[in-house]
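The following exercises ask the reader to work through a predicted model step by step. Each task is followed by a solution that may be checked against the sequence and the structure.

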Amino acid sequence: MTGCRVNGILKTIIVCADLLHALFQYRNSKGHAAVKGTPLENFLNTVISDHDKTFYSYGRRHQECMIHIIRYLAGAAETEKDRTWHTKMRNLLKQMDHERNQADGRILAKERIAELTEEYDKILKLAEKEYEDAPPSDYYRKGYNLFKQLRDYKDSCLLFLSDPRVDFTNNRAETLNRKPKRHLVISGTFRGKESNKPDVPDNSKSAEYY
């Protein structure tokens, strides 16, 4: 989900995509109201998304977009220069992705998955100790919040390791979202004769704005 304007009014674009299909829909709000009437509403498989907790109410399993997390780790490392866990975790996640992609059929041995997961846990313990020794400031808590996300949503961060069908990122949806974003940069808004209609399950006309 991302913000946009239709006829100058603030809206939300929700992009649902798989390897073959993509659907753009606009909504008057965010959260669960935005999901209503989208493919995600009744989806029963694995959802790959940014860390928007709304999406955790849908689908059967969840995978965090790890490219986003890698970027956030790099940003936290620049700000919290007195800590080391960010860089270690960033390197480990990149190594996980590389090894999984190089494996035959993207299937890692169970023993190797266990080793990588153990290293993940060690880095989380390091992060916990570094924040105990020097608590995060009220001014900047993004690094600490990222640590908690990686700890509390561990299963959704590492699902890709054990299932070769699950991607490391949601980059397809992110890439598709660049087109409406570029339009907004140039034009400032989308134009549509029905832009003020309330959100309804029938979205047959949503695509005309894109």
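**Exercise 1. Determine how strands E2 and E3 are joined, and place both in their sheet.**

Step 1. Strand E2, residues 9–17, runs antiparallel to E3, and six bridges join the two. One pairing can be located by residue: Val15 has Phe24 of E3 as its bridge partner.

Step 2. On the other side of the sheet order, E1 and E2 are also paired in the antiparallel sense, over five bridges. Here the bridge partner of Val6 is Ile9 in E2.

Step 3. Taken together, the three strands form an open sheet in the order E1-E2-E3, with antiparallel pairing. Strands E1 (2–6) and E3 (22–27) have a single partner strand each and stand at the edges, so each has one side without a neighbour in the sheet. From one strand to the next, the twist averages 35°.

**Exercise 2. Describe the two faces of E1 and the hairpin that E1 forms with E2.**

Step 1. Sort the residues of E1 by face. Thr2, Cys4 and Val6 make up the covered face, whereas Gly3 and Arg5 lie on the uncovered one.

Step 2. Proceed to the hairpin of E1 and E2. Two residues stand between its strands, and Asn7 takes a positive phi near 55°.

**Exercise 3. Which residues make the contact between helices H2 and H5, and to which classes do they belong?**

Step 1. Establish the geometry. The axes of H2 (residues 66–79) and H5 (residues 142–152) cross at roughly 145° and come within 10 Å of each other. This crossing is left-handed.

Step 2. List the residues. H2 contributes Met66, Ile69, Tyr72, Leu73 and Ala76, and H5 contributes Gly143, Leu146, Gln149 and Leu150.

Step 3. Classify them. Seven residues of this contact are nonpolar, two are polar and none is charged.

**Exercise 4. Carry out the analysis for helices H4 and H5.**

Step 1. The axes of H4 (residues 110–133) and H5 come within 10 Å, with a crossing angle of roughly 145°. The crossing of H4 and H5 is left-handed.

Step 2. From H4, the contact takes in Tyr120, Leu124, Ala127, Glu128 and Tyr131; from H5, it takes in Gly143, Tyr144, Phe147, Leu150 and Arg151.

Step 3. By class, the contact of H4 with H5 comprises seven nonpolar residues, one polar residue and two charged residues.

**Exercise 5. The structure holds eleven salt bridges. Examine the pairs Glu78 with Lys81, Asp121 with Lys154, and Asp163 with Arg165.**

Step 1. In the salt bridge of Glu78 with Lys81, the closest N and O atoms are 3.4 Å apart. Both Glu78 and Lys81 are exposed.

Step 2. Asp121 and Lys154 form a salt bridge in which the closest N and O atoms are 2.9 Å apart. Asp121 belongs to helix H4 and Lys154 to helix H6 (residues 154–157), so this pair ties together parts that are 33 residues apart in sequence. Asp121 has a relative accessible area of 26% and is partly exposed; Lys154, at 24%, is partly exposed.

Step 3. Asp163 and Arg165 meet through their side chains in a salt bridge of 2.9 Å, N to O. With a relative accessibility of 6%, Asp163 counts as buried, because it falls under the 20% cut-off. Arg165, with a relative accessible area of 68%, is exposed, because that value is over 50%.

Step 4. Extend the picture beyond the pair: Arg61, Asp163 and Arg165 are linked in a network of salt bridges.

**Exercise 6. Locate Glu119 and state how far its C-alpha atom is from that of Lys88.**

Step 1. Glu119 is found in helix H4. Its relative accessibility is 34%, and Glu119 therefore counts as partly exposed.

Step 2. Glu119 and Lys88 are 31 residues apart along the chain, and their C-alpha atoms are separated by 9.7 Å.

**Exercise 7. Summarise the chain as a whole.**

Step 1. The chain has nine helices and five strands. From the N terminus on, the order of elements is β-β-β-α-β-β-α-α-α-α-α-α-α-α.

Step 2. The chain has 210 residues, of which 42% count as buried. Among contacts in the chain with a separation of 6 or more, 62% are between residues 24 or more positions apart.

Note on methods:
Residues are numbered from 1 along each chain as its sequence is written. This is a predicted model: local features need pLDDT of at least 70, side-chain atom pairs count only at pLDDT 80 or more; totals for chains, interfaces and linings use all residues. Side-chain values use heavy atoms; hydrogens and water are left out. Axes are lines fitted to C-alpha atoms, for helices over the stretch in contact, and angles run from 0 to 180 degrees between N-to-C directions. Helices (H or I, at least four residues) and strands (E, at least two) are DSSP runs, numbered from the N terminus. A crossing is left-handed if the near helix is turned anticlockwise from the far one by less than a right angle, and right-handed if clockwise. Contact means heavy atoms within 4.5 Å. Ala, Val, Leu, Ile, Met, Phe, Trp, Tyr, Cys and Pro count as nonpolar, Asp, Glu, Lys and Arg as charged, and the others, Gly among them, as polar. Two strands pair if DSSP finds at least two bridges between them. Buried means under 20% relative accessible area, exposed over 50%, partly exposed in between (1.4 Å probe, protein chains only). A salt bridge is a side-chain nitrogen of Lys or Arg within 4 Å of a carboxyl oxygen of Asp or Glu.
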